[in-house]
Each structure stands twice: as C-alpha cells, then as structure tokens.
Amino acid sequence: MQTDYYYTLSLLMALFMLVVSLFSVRNSGNKERYEKEISQLKDMITKKEKMLKHFKDYAKKTSIIEYKRQDIVLFGPRWSGKTSIVALWEKPWTVITKIESSTAWKNYYIDICKLKENKMMCPTFEVERVFIEKLQVIVHDWPGEDQYRDEALKTLPRLNNSSIIFLFELKIKNGTIDDKSLKLNNEYYSKYFLKQLGDVPTINKNVSKVIITFNKIDLFPSEWTYEKKMELLRTTYEEQIDRIKSIFAPVVIELGTSSRTNENLIRLLAESASVGLNASEQRIFNDTLEEKKGKIYERKQA
Ligand SMILES: Nc1nc2c(ncn2[C@@H]2O[C@H](COP(=O)(O)OP(=O)(O)OP(=O)(O)O)[C@@H](O)[C@H]2O)c(=O)[nH]1
Ligand SMILES: [Mg+2]
C-alpha cells in the first residue's frame, strides 16, 4: 500500500517536471520568434524612414509646374507658311527653306515664360516646395488642304478662348499678286467655309482673338512700305476680311509678317499667346518676348 503511494507520488512529480520543462521549452521558442519579429519590424521602420527622407529631399529639390495654356489654331492654304511660323517660334534657328509640306496634323507645345514662382508647404511631405506657373502655347498646325481645314473647324468647339491665325498664301510677280495665289485663297476662304465658321454655335466662346496674317511680305518690292503692302492686300481680300470681321469683330486684327526676314513674327506670337493673361502676367510675358526677339535677331545676323 505504502509502495503504491510512493509510486503514485513519484509518478506525479515526474509528470509535473515534464510539464514544467515542456512549458519552459515552448516559452523560449516564443521568445526567439518575438525577438526576430521585433527586429524585422525595426528594419522595416528604418527602411520606411529612409524612403520618406529620400522623398522629402526629392520634393525639396524639385518644383511643381502648373501650365496656363493658350491654344492657337493655324488656318491657311498650302504653302502659306503655317509650319514655318510655328517652327521659328519653337526654334528660332530653324532653316525654313528645308521645311516640307505637312502631311498630317501636328500640335506644338511651346513654353513661353514663367508667370509665377511661389514657395508653399507641401502637406504630404511637410516640406517647402517651389510651385511654378508657366505660360505654354499649343499651336495646332494642319496641312493646307480643304479636308484638313474642315477637320480643324470641327475641333474649334472643343477649345476655350483660343486664338485663330488665318494665313493667306502670297505669290508676287512684279509687285502684283499672282492669279494662282488669288484663286487658292479665294477657294480656301470660300463663302461656304466662312458661313460654316460663323454657324459654330459657341464660336465667340471658343475664339477670343483672330489675326488675319499675310506672311511672306518680303516678296513685295523692297522699296514698298509696310503700309503700301498691307493696303494692296486689304483691298485684294476685302470680301474675305469683311466676312471674318462680321463673325469675330471686334477681336480681329490684320498683320503682315515674314518668316524670311522675321518681320512681325514676335508681334504675331504676342497677339495670339497673350489672350488670357492679366496685366501683371502681360508684363512678364513682354519681357520674355523681348528676349526671344533677341534670339531671332541673332539668327538673322548669323
Ligand atoms: N519668301 C518667303 N518664303 C517663306 C516664308 N515663310 C515660309 N516660306 C516658304 O514657303 C514654303 C512653304 O512654307 P510652309 O511653312 O511649309 O507652309 P505651310 O502653310 O505649312 O504649307 P502646308 O504644310 O503645305 O500646308 C517653304 O518653302 C518656306 O521656306 C516667308 O515669310 N517668306
Ligand atoms: Mg505645313
């Protein structure tokens, strides 16, 4: 009986020891695992902190650019000089005699000037960032065929406060306008087309400025004054000019330009790009144009 008692007691003791040892083994496994998890978490936090610092440094060094955009749509028959004008605006050193007839519609995005620059707190990274507002023109250049003219017309209702440049093709022989040139312009600016233009329901919202442009005025005899050239062109195309004015007056102006001699090219850019600018922006814009004029002048000298 006594033996049974001791036997049961020792068995219970052994069992107790086993449970205690098992428990401590299990606990030591957990501890190792927890320590591993904690060190992994610490690693992850350090990596994230490094990444955040990297982003903050990047945000501090870089600026955010916001564009104020002005659409300029070029209309004009084949050979009237559309692409030459926009190419010179984009890169004043362009050799225009190497420009080929356009085969497809193309948009040119040209940065004109910085309008504003502010430092502001960026809430995401809690650092000061530079915010820049820039004026950019989007010049829509289409090939001179009637089918593209009609396509260009269809895009107008999608634009707001855009500028239109209507170009007339110019061929001069002994101080008179060549018949082929007359025919080409009369067909392009047909009554039908100008009626369609006037019938666009929101046209006065879509278009805020119109510049009737006679490019290639360098082809007139060199002794002619600018006024004399413009007078001849105005009387020749009186009907078309009057029709255009009847749709868009009072926002229409006429300008003679030359991509050969650079005459009035910057004036044309100024007239068409500055439509949506307020007075202070206009001042900055004019300063930049003076700089551009200098570059074009250097090209002429070269
Ligand atoms: N003399 C003279 N030639 C010019 C002037 N502007 C352009 N040209 C030339 O006229 C030709 C036609 O010019 P483009 O700019 O290709 O005319 P475009 O209106 O784009 O013609 P398409 O793309 O065919 O519709 C080119 O050979 C130019 O070198 C200019 O002011 N004076
Ligand atoms: Mg072209």
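**Core, sheet and ligand shell of a predicted model**

Good morning. I begin with the largest nonpolar core, which has 37 residues; I72, L74, F75, I164, I165, F166 and V210 touch the most other members. Please bear in mind that this model is predicted. Two or more residues of this core come from each of strand 1 (63-75), helix 2 (82-90), strand 2 (106-122), strand 3 (127-141), strand 4 (162-168), strand 7 (207-214), helix 8 (238-248) and helix 9 (265-273).

Let me take L74 as an example. Which residues does L74 contact, leaving aside its neighbours within four places in sequence? They are K82, V86, V139, H140, D141, W142, I165 and L167.

I turn now to the sheet. The sheet is open and has six strands in the order 2-3-1-4-7-8, with mixed pairing. Strand 2 and strand 8 (252-256) stand at the edges with a single partner strand each, so one side of each has no neighbour in the sheet. From one strand to the next, the twist averages 20 degrees.

Within this sheet, strand 4 and strand 7 run parallel and are joined by seven bridges. I164 stands opposite V210 in strand 7, and both residues were named earlier among those that touch the most other core members. Helix 7 (residues 226-236) packs on the sheet, where it touches strand 7 and strand 8. The direction of helix 7 makes about 120 degrees with that of strand 8.

Finally, the ligand. There are 22 residues around ligand 1, and T83, S84, S101, S102 and G144 come nearest. By class, this shell comprises twelve polar, five nonpolar and five charged residues. Thank you for your attention.

Definitions and conventions:
Residues are numbered from 1 along each chain as its sequence is written. Chains are lettered from A and ligands numbered from 1 in the order in which they are written. This is a predicted model: local features need pLDDT of at least 70, side-chain atom pairs count only at pLDDT 80 or more; totals for chains, interfaces and linings use all residues. A nonpolar core is a set of buried Ala, Val, Leu, Ile, Met, Phe, Trp, Tyr and Cys residues joined through C-beta atoms within 7 Å. A residue is buried if 20 or more other C-beta atoms lie within 10 Å of its own, exposed if 12 or fewer, and partly exposed in between; C-beta atoms are placed from the backbone. Helices (H or I, at least four residues) and strands (E, at least two) are DSSP runs, numbered from the N terminus. Two residues are in contact if their C-beta atoms, placed from the backbone, lie within 7 Å. A residue is near a molecule or strand if its C-beta atom, placed from the backbone, lies within 6 Å of it. Ala, Val, Leu, Ile, Met, Phe, Trp, Tyr, Cys and Pro count as nonpolar, Asp, Glu, Lys and Arg as charged, and the others, Gly among them, as polar. Two strands pair if DSSP finds at least two bridges between them. Axes are lines fitted to C-alpha atoms, for helices over the stretch in contact, and angles run from 0 to 180 degrees between N-to-C directions.
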